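Reader: I would like a close look at the charged pairs in this protein, followed by the helix and strand that lie along the way. Please take the parts in turn and keep the reasoning explicit.

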Amino acid sequence: MKFILASASPRRSEILKNAGFDFEIIPSQQEEVVDLSLNPQQVAESLALQKAQSVFNQCKKPTLGADTIVTINGKILGKPKSYENSKELLRLLSGKTHQVITGYAFITENETIVSSDVSFVTFNDLSKELIESYTSLGLGMDKAGGYGIQDGFDFVKCVEGS
């Protein structure tokens, strides 16, 4: 079944293509509304549902929305707001285990499925030089927690989950 991916994320598109899915991309233009009374897993699911619902309402075709958040000690880490904030996020994650939560929502005319997947990621101790090298390239600025595992830097000691 062909569906709509309500996301502009190149990584999300790459994962789905590699898995053999047939889809069209229509990024959600919905402004994200974060309900801070929710726990982090519920926030990821809520954001995914907002994206999927927004695009489904436009096209009335099966639609997949997703949103990934990073949390440490119960605090949600968003996308870096600046170059300095990017470095702060990496320093915060250095040597620690954090959660990466991907919420997803799939909507058809007959049903709505909302769930999430949680992985635990443990970072190596990151040197000042590694952080500087990564952030100077502008990497991670568009990613929750300020990093992407796929970016080719030696951040991750281990991953428990998908």
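How many salt bridges does the count come to?

Author: The count comes to seven salt bridges, and it should be said at the outset that the model is predicted.

A good place to begin is K87, which takes part in a salt bridge with E84, where the closest N and O atoms are 3.2 Å apart. E84 and K87 both belong to helix α3, which covers residues 83–93, and because they are three residues apart in that helix, about one helical turn separates them. The general background is that an α-helix has 3.6 residues a turn, so residues three or four places apart point the same way. The two partners differ in their surroundings: E84 counts as partly exposed because its relative accessibility is 40%, whereas K87, with a relative accessible area of 11%, is buried.

K87 also forms a salt bridge with E132, and here the closest N and O atoms are again 3.2 Å apart. This pair links distant parts of the chain, since E132 sits in helix α4 (residues 128–136) and K87 in helix α3, with their positions 45 residues apart in the chain. E132 has a relative accessibility of 32%, and therefore counts as partly exposed.

Another of the salt bridges joins D151 to K143, with 3.7 Å between the closest N and O atoms. D151, at 21% relative accessibility, counts as partly exposed, while K143, at 18%, falls under the 20% limit and so counts as buried. Elsewhere, salt bridges with shared partners connect E32, K51 and D67 into one network.

K51, a member of that network, is also listed among the buried residues of helix α2, and this leads to the helix itself. Helix α2 runs over residues 40–59, and because its 20 residues at 1.5 Å a residue should span 28 Å, the 29 Å between its end C-alpha atoms agrees with expectation. At the N-terminal end, N39 acts as the cap of α2, with a side-chain oxygen placed 3.0 Å from the backbone nitrogen of Q41. At the other end, α2 is followed by K60, whose phi is positive, near 55°. The buried residues of the helix include P40, V43, A44, L47 and A48, and also V55 and F56. Among the elements that cover these buried residues are the strands β1 (3–5), β3 (63–72), β4 (75–77) and β5 (97–107).

Q41, whose backbone nitrogen takes part in the cap, also leads on to S116, for a polar contact of 2.9 Å joins the side chains of S116 and Q41. The side chain of S116 makes a further polar contact, of 2.7 Å, with the side chain of E45. S116 lies in strand β6, which covers residues 112–123, and it counts as buried because its relative accessibility is 14%. Leaving aside residues up to four places away in sequence, S116 touches Q41 and E45 together with I101, T102, G103 and Y104. With Y104, which is 12 residues away along the chain, the separation between C-alpha atoms is 5.8 Å.

Methods: Residues numbered from 1 in each chain as written. Predicted model: local features only at pLDDT ≥ 70, side-chain atom pairs only at ≥ 80, totals over all residues. Heavy atoms only, no water. Helix = DSSP H or I, 4+ residues; strand = E, 2+ residues; numbered from the N terminus. Buried < 20%, exposed > 50% of the residue type's maximum accessible area, 1.4 Å probe, protein only. Contact = heavy atoms within 4.5 Å. Polar contact = N/O pair within 3.5 Å; in protein donor to acceptor, adjacent residues only side chain to side chain. Salt bridge = Lys/Arg side-chain N within 4 Å of Asp/Glu carboxyl O. Expected span 1.5 Å × (residues − 1).
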